[in-house]
Amino acid sequence: MSNENFLKQMGQRIWARRKALGLTQEDLAEMIGVTTPMISNLEWGKKAIRPDNLAKVCKALGVSADFILYGCDTQSPVDAVADKLLSLTDEELKAISNMIDMLNKNRA
């Protein structure tokens with residue numbers, strides 16, 4: 001795949017995710033501290049993205065760098081569950097832990 005094609009595909013993924021989240025180019029630019037023309041250039045595949053800005057785009061769009069760069073998310077199922085656990089209360093975490101214990105006990 002050519003570098004030009006790679007940048008265009010990456011830009012399409014940024015555009016699609018931004019649209020799915022209901023964000024404008026201006027919104028995304030403000031969230032990551034860049035200009036709106038920079039977002040436009042990224043989405044059209046006209047410019048490569050610096051690693052620090054890639055990290056900011058990923059965080060703002062809620063996706064991994066693998067998704068932006070390659071169109072796939074390589075987050076393991078365990079990592080995906082761990083991310084979800086971060087927002088739970090201590091009581092909810094205890095309930096989840098009990099469910100896991102019960103599942104493991106049933107396998108034994």
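## Reading the core and helix α1

Within the largest nonpolar core, which has 19 residues, I14, L61 and I68 touch the most other members. This is a predicted model, where local features need pLDDT of at least 70, side-chain atom pairs count only at pLDDT 80 or more, and totals for chains, interfaces and linings use all residues. Residues are numbered from 1 along each chain as its sequence is written, and side-chain values use heavy atoms, with hydrogens and water left out.

Q: What makes a set of residues a nonpolar core?
A: The members are buried Ala, Val, Leu, Ile, Met, Phe, Trp, Tyr and Cys residues joined through side-chain atoms within 4.5 Å. Here α4 (51-61) is among the elements that give two or more residues, and α4 gives the most, with 5 residues. Helices are DSSP runs (H or I, at least four residues), numbered from the N terminus, as strands are (E, at least two).

Q: Why is R18 called buried?
A: Buried means under 20% relative accessible area, exposed over 50%, and partly exposed in between (1.4 Å probe, protein chains only). R18 has 4%, so R18 counts as buried.

Q: Why is the pair R18 and E43 called a salt bridge?
A: The rule asks for a side-chain nitrogen of Lys or Arg within 4 Å of a carboxyl oxygen of Asp or Glu. The side chains of R18 and E43 meet at 2.5 Å, N to O, which fits. R18 lies in helix α1 and E43 in helix α3, so the pair ties together parts that are 25 residues apart in sequence.

Q: What makes E4 exposed and K8 partly exposed?
A: E4 has a relative accessible area of 52%, so E4 is exposed. K8 has 36%, so K8 is partly exposed. The two side chains also form a salt bridge (3.4 Å, N to O).

Q: How do you know that the length of α1 is close to the expected one?
A: The expected span is 1.5 Å times one less than the number of residues. For the 18 residues of α1 that gives 26 Å, and the helix reaches 26 Å from its first C-alpha to its last.

Q: Why are the buried residues of α1 said to line one face?
A: The buried residues are L7, M10, G11, R13, I14 and R18. Seen down the helix axis they fall within an arc of 155 degrees, so they line one face; the arc is that of the directions from the axis to the C-beta atoms. On the other side of α1, Q12 and A20 are exposed.
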